[in-house]
Amino acid sequence: MEPTTPSEPPLPVTDASLQSYYALGKEAARLTEGLGRVEYLRTVELLDRVLPPAPAVVADIGGGPGIYTDHLLSLGHRVAHRDIVAAHVDHVRANHQPGTPTGDRLDAAVGDARRLDLDDGSVDAVLLLGPLYHLVDPADRRRALTEAARIVRPGGAVAAAAISRHSVLVDGVLLKRADLAFPEILGLLDGVRDTGVIPPLFDGSFNGYAHRPDQLRREVEEAGLVVDDVVSVEGVAVALGDLEARLDDPGERERLLFVLRSMESAPDLLGLGPHLLALATAPGRRRAAVG
Ligand SMILES: C[S@@+](CC[C@H](N)C(=O)[O-])C[C@H]1O[C@@H](n2cnc3c(N)ncnc32)[C@H](O)[C@@H]1O
């Protein structure tokens with residue numbers, strides 16, 4: 001997990017619209033309500049399925065305010081957290097200060113998924129749960145996925161999340177009713193469907209890129225990884241008006257998670273939920289990670 005000095009000059013790490021969206025500070029609470037709760041529960045379940053037992057070395061690239069870093073540290077892993085937004089890195093560091101049991105297993109720094117300061121094969125697993133949402137240029141997505149494939153050891157796991165192509169329509173318009181405040185969103189929907197590009201609606205609104213399931217699979221494969229599965233994270237939970245009540249009830253929550261698990265790979269439903277997750281493995285034999 002020793003940082004290396006990149007041989008080429010760093011890519012510009014600031015993208016103005018991305019930075020202004022995250023400057024609103026909404027990200028830390030995103031996974032604590034509504035569909036965000038489903039996203040968190042399901043992502044943890046899916047990660048627990050593919051990650052090696054602790055203690056392992058896991059890179060959380062685009063880790064944001066660190067909710068999955070928190071989970072990984074709580075399990076006993078060492079975590080290399082990287083994010084392009086400095087405030088997110090500060091948030092994670094403040095939660096896990098040096099000299100504490102979790103802080104001593106954390107290496108957090110500002111970093112760009114497209115050019116990482118981590119050595120080849122130096123981690124047992126990579127989470128890429130965010131950068132692909134924002135990388136509109138296919139060459140940038142390829143760089144981010146190729147970097148994930150470079151830093152993971154042979155046989156290690158890579159989990160790469162993407163926004164589903166239908167998310168603006170289903171989550172933005174149907175559920176969050178963004179069209180009431182911003183009717184112009186309706187005029188953008190065909191373009192989002194056809195190109196995947198989600199333009200900013202106003203200064204600070206979400207903007208980025210949305211994948212089709214087969215496209216995510218292909219991009220991960222083109223980075224040299226073996227795709228084990230592409231799943232829908234939230235699936236049909238998007239259709240539940242009483243979602244919070246179900247999640248608050250342990251029995252109902254388990255029933256919901258059971259259904260989502262059962263349908264997660266159904267090809268005809270993959271794009272329904274807001275997030276897709278590709279679960280992949282680096283080719284080569286399994287061996288212990290360096291670091
Ligand atoms: C929606 S948040 C997800 C945060 C966290 N991984 C999660 O799933 O809750 C997306 C994150 O990706 C980060 N990000 C976007 N592009 C990036 C890049 N090129 N390199 C590193 N981080 C990036 C953003 O700053 C943000 O923190």
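How many nonpolar, polar and charged residues does the shell around the ligand have? By class, there are eleven nonpolar, six polar and five charged residues, where Ala, Val, Leu, Ile, Met, Phe, Trp, Tyr, Cys and Pro count as nonpolar, Asp, Glu, Lys and Arg as charged, and the others, Gly among them, as polar. The model is a predicted one, in which local features need pLDDT of at least 70, side-chain atom pairs count only at pLDDT 80 or more, and totals for chains, interfaces and linings use all residues. Residue numbers start from 1 along each chain as its sequence is written.

Among the 22 residues around the ligand, Gly62, Gly64, Ala113, Leu129 and Gly130 come nearest (a residue is near a molecule if its C-beta atom, placed from the backbone, lies within 6 Å of it). At least two shell residues are supplied by each of α1 (16–23), α3 (67–75), β2 (78–83) and α5 (131–134), and α5 gives the most, with three. Helices (H or I, at least four residues) and strands (E, at least two) are DSSP runs, numbered from the N terminus.

Turning to the interior, the largest nonpolar core holds 67 residues, of which Val58, Val123, Val126, Leu128, Ala148, Val158 and Ala160 touch the most other members. Such a core is a set of buried Ala, Val, Leu, Ile, Met, Phe, Trp, Tyr and Cys residues joined through C-beta atoms within 7 Å; buried means that 20 or more other C-beta atoms lie within 10 Å of a residue's own, with C-beta atoms placed from the backbone. Strand β5 (residues 152–164) gives the most to this core, with eight residues. Buried residues make up 43% of the 291 in the chain.

Key: Buried ≥ 20, exposed ≤ 12 C-beta atoms within 10 Å, placed from the backbone.
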